[in-house]
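Let's take a walk through this fold together, one piece at a time. Keep the viewer open and rotate along as we go.

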Amino acid sequence: MKRRTFLVGTAGMVFGASLGGTLPAFAEDAKPEKTDLAIGVGGKPLLYYLPLTVAEQKGFFKEEGLNVTINDFAGGSKSLQALVGGSVDVVTGAYEHTIRMQNKGQDVIAVCDLGRFPGIVIAVRKSLAGEIKTIADLKGRKVGVTAPGSSTALLLQYALQKNGLTSADVAQIGIGGGASAVAAIKNGGIDGLSHLDPVISQLQHDDDIAILLDTRTEEGTKALFGGTNPAATVYLKQSFAKDNPVTTQRVVNAMMKALKWLGQAKPEDVADLVPKEYLLGNRDLYMQAFQNSRQMYSPDGMVTKDGYESMMNALKALDPELANADVPYEKTFDPAFVKAAKI
């Protein structure tokens, strides 16, 4: 596939308007302004971020003329810090971070949606299932999250609040992703966890957990949020998009190719593609984990207005700093890059 940039004409005009109307239309052979990119992510092996691994392993970034280095952090809050600090150019991370940063006056914006459901599961150790039967029963317990301030922590806090508790009612412990999270349950270091696949499917397979809430599906997501709820996105500083519009478009092109591939892939295709360590020693289980989570991937890369409202309502209920926030949808997601994507 030859390298391409985004469409000219109508799509180009939409794009220019979305960034202040100052950008010209680009020729089909426009070169990326920045070819060496650092992308931050918080827990790359998690299925939440699978589109990033697909784009990397399938060579979609290279097809777009980009040389990408992926920096994997302990959780989404850490990758956001890296973006703000300037050590990464782009992040694949939770959509809610764009709202938080905009409310703080920092112009961070999503340019592509990767997940329409959070894909996060709250579960407890199987040995405690008789004592902890509901979210409300987590009071006084130790609950693992990928990292404090991450999307797994946010969802846990929202679920606690909806069940009459506060975030202070549980001890939230950062356990990272992958094998470290599995070990935290198996060695009894935590009572429960708010986490993602493949960790959850591994623990289910080993009969180590009992599930209290499952947002890998539309049904589970609506049960908590009342609607869809944008999850992983591609986000960056607005200034980066303005200074590097072709580069930004190429990143979105690569991620949209990954979403398209995932929409058609069989579980065995995914297991063949990802690094061996992602399989956690059990290929069949990883394939089942993908099957459990595949509903959550975005079919079109768009953050919907309904999804934005669902997220805003959750954040307003959860965070006093956001209770009276006025962050418009348009400040959190720019659809122009997705609309102009060449895949």
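**Two crossing helices, then two sheets**

Start with a pair of helices: the axes of H2 and H11 come within 8 Å of each other, crossing at roughly 105 degrees. Angles from 65 to 115 degrees count as roughly perpendicular, so that is the label H2 and H11 get. On the H2 side, the contact uses Leu50, Pro51, Leu52, Val54 and Ala55. H11 brings Ala254, Met255, Ala258, Leu259, Trp261 and Leu262 to the same contact. And what is the chemistry of that contact: nonpolar, polar or charged? The residues split into 11 nonpolar, no polar and no charged. Keep in mind throughout that this is a predicted model.

Both of these helices turn up again around H13, which spans residues 283-293. The buried residues of H13 pack against H2 (50-57) and H11 (245-264), and also against H8 (199-205) and H12 (267-273). Which residues of H13 are buried? They are Leu285, Tyr286, Met287, Ala289, Phe290 and Ser293. Have a look at the start of H13 too: there, a side-chain oxygen of Asn282 reaches to within 3.3 Å of the backbone nitrogen of Asp284.

Now follow H11 over to a sheet. This one is open, with five strands in the order E2-E1-E3-E10-E4 and mixed pairing. Its edges are E2 (67-73) and E4 (108-113), each of which pairs on one side only. Direction ignored, neighbouring strands here are turned by 30 degrees against each other on average. H11 lies across E1, E3, E4 and E10 and runs at about 35 degrees to E4.

H4 (residues 76-85) packs on this sheet as well, touching E1, E2, E3 (90-94), E4 and E10 (232-237). The direction of H4 makes about 20 degrees with that of E10.

Zoom in on E1, residues 36-42, which pairs with E2 in the parallel sense over seven bridges. Want specific pairs to click on? Asp36 has Asn67 of E2 as its bridge partner, and Ala38 has Thr69 of E2. E1 also pairs with E3, again in the parallel sense, over three bridges; there, Val41 is partnered with Thr92 of E3. How much of E1 is buried? Six of its seven residues are, which leaves the strand mostly covered.

Step off the end of E3 and you reach Tyr95, in the loop between E3 and H5 (96-103). Is Tyr95 buried or exposed? Its relative accessibility is 0%, so it counts as buried. Beyond its neighbours within four places in sequence, Tyr95 is in contact with Ala110, Pro230, Ala231, Thr233, Val303, Tyr308, Met311, Tyr329 and Thr332. With Thr332 there is a polar contact, side chain to side chain, at 2.5 Å. For a sense of scale, the C-alpha atoms of Tyr95 and Asn187 are separated by 32 Å, and the two residues are 92 apart along the chain.

There is another open sheet of five strands to find, with the order E7-E6-E8-E5-E9 and, again, mixed pairing. E7 (171-174) and E9 (209-214) are the edge strands, each pairing on one side only. Here the average turn between neighbouring strands is 25 degrees, direction ignored. E5 (residues 121-125) pairs with E9 in the antiparallel sense over five bridges, and Ala123 stands opposite Ile211 of E9.

Last stop: H6 (residues 151-162) and H9 (residues 218-225). Their axes are 10 Å apart and they pack at an angle of about 55 degrees, which makes H6 oblique to H9. Leu155, Tyr158, Ala159 and Lys162 of H6 meet Ala223, Leu224 and Phe225 of H9. In this contact, six residues are nonpolar, none is polar and one is charged. Why do residues such as these recur along one side of a helix? With 3.6 residues a turn in an α-helix, residues three or four places apart point the same way.

H6 also holds Gln157. The cut-off for buried is under 20% relative accessible area, so Gln157, at 18%, counts as buried. Leaving out neighbours within four places in sequence, Gln157 is in contact with Ser167, Gln172 and Leu318.

Conventions
Residues numbered from 1 in each chain as written. Predicted model: local features only at pLDDT ≥ 70, side-chain atom pairs only at ≥ 80, totals over all residues. Heavy atoms only, no water. Buried < 20%, exposed > 50% of the residue type's maximum accessible area, 1.4 Å probe, protein only. Helix = DSSP H or I, 4+ residues; strand = E, 2+ residues; numbered from the N terminus. Contact = heavy atoms within 4.5 Å. Polar contact = N/O pair within 3.5 Å; in protein donor to acceptor, adjacent residues only side chain to side chain. Axes fitted to C-alpha atoms, helices over the stretch in contact; angles between N-to-C directions. Parallel < 35°, antiparallel > 145°, perpendicular 65-115°, else oblique. Nonpolar A, V, L, I, M, F, W, Y, C, P; charged D, E, K, R; others polar. Pairing = 2+ DSSP bridges.
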